[in-house]
Amino acid sequence: MNHFNINYKEVLSKAKDIKLIVTDLDGVLTDGGIVLDDNGMEYKRFQVKDGQIIRFLRESGIKTGIITGRDVSVSKIRCEQMGVDFHLHGVNDKWPTLLSIITEMGLKTNQVAYIGDDIIDMELLSHAGFSAAPADAIFYIKDKVDYVTLKKGGEGAFRELADLILYANGNLPSPITSTAN
């Protein structure tokens with residue numbers, strides 16, 4: 001069974017070079033919804049499995065980061081809890097920001113994966129060595145990326161991408177169940 005929605009040779013070839021995974025927050029780590037109370041306090045729902053994989057990525061030599069266009073306290077708290085290598089909030093021009101980080105880390109663009117879901121992510125997705133989008137991303141985003149997750153934003157899309165990259169690097173068991181006769 002193919003657990004990933006991919007053309008294996010092409011996608012795994014790109015995924016095996018990844019040393020940094022960067023994600024958008026709203027619409028990838030969350031479902032994109034915002035809950036506000038009467039006092040203007042914002043609430044978000046995160047999938048714990050997305051955060052769980054960060055340690056395994058780090059142990060495999062893969063760094064992680066979050067670049068989000070919104071600047072919200074609850075998002076910063078979750079980023080700290082997840083233990084990502086960096087998180088930047090209120091960034092509307094994401095590509096120059098990431099390019100600076102890539103340069104500082106001594107990486108090449110083909111070593112960077114990015115997952116995003118909306119128009120603010122388009123430029124970054126076009127420059128990343130490996131691009132991905134959640135299943136519920138905007139259609140023109142899904143049309144431009146290397147990989148569309150089976151999971152929606154907030155339901156484990158980041159985890160699915162991380163597992164795919166770990167598998168491509170030989171750090172996860174095969175997601176394929178053989179039914180050979």
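Let me start with Val22, whose bridge partner in strand 4 is Gly65. This is a predicted model, so please keep that in mind throughout. Val22 and Gly65 are one part of a wider pairing: strand 1, residues 20–23, is joined to strand 4 by 4 bridges, and the two run parallel.

Strand 4 has another neighbour. Strand 5, residues 86–88, runs parallel to strand 4, with 3 bridges between them. There, Ile66 stands opposite His87 of strand 5. To get from strand 4 to strand 5, the chain passes through helix 3, residues 73–82, in a right-handed β-α-β crossover.

Is strand 4 enclosed or open? Of its 5 residues, 63–67, 4 are buried, so strand 4 is largely enclosed by the rest of the structure.

Now helix 3 itself. Which residues of helix 3 are buried? They are Ser75, Arg78, Cys79 and Met82. Their arc around the axis is only 105 degrees, so they sit on the same side of helix 3. Their cover includes helix 2, residues 48–59, together with strand 4 and strand 5. On the face turned away from that buried side are the exposed residues Ser73, Ile77, Glu80 and Gln81. After helix 3 comes Gly83, with a positive phi near 75 degrees.

Next, salt bridges. The whole structure has 12 of them, and I will go through three.

One is Asp24 with Lys94, where the closest N and O atoms are 3.0 Å apart. Asp24 is in the loop between strand 1 and strand 2, while Lys94 is in helix 4, residues 94–105, and 70 residues separate the two. Asp24 has 4% relative accessibility and so counts as buried. Lys94 is buried too, with a relative accessible area of 2%.

Another is Arg70 with Glu42, at 2.7 Å from N to O. Arg70 belongs to the loop between strand 4 and helix 3, and Glu42 to strand 3, residues 42–43, 28 residues apart. Arg70 counts as partly exposed because its relative accessibility is 32%, whereas Glu42, with a relative accessible area of 11%, is buried.

The last pair is Arg58 with Asp85, at 3.8 Å from N to O. Arg58 lies in helix 2 and Asp85 in the loop between helix 3 and strand 5, so this salt bridge ties together parts 27 residues apart in sequence. Arg58 is partly exposed, with a relative accessible area of 41%, and Asp85 counts as partly exposed at 35% relative accessibility.

Finally, Asp26, Glu42, Lys44 and Arg70 form one network, joined by salt bridges that share partners.

Notes. Residues numbered from 1 in each chain as written. Predicted model: local features only at pLDDT ≥ 70, side-chain atom pairs only at ≥ 80, totals over all residues. Heavy atoms only, no water. Buried < 20%, exposed > 50% of the residue type's maximum accessible area, 1.4 Å probe, protein only. Pairing = 2+ DSSP bridges. Right-handed = clockwise from strand over helix to strand, strands pointing away. Arc of directions from axis to C-beta. Contact = heavy atoms within 4.5 Å. Salt bridge = Lys/Arg side-chain N within 4 Å of Asp/Glu carboxyl O.
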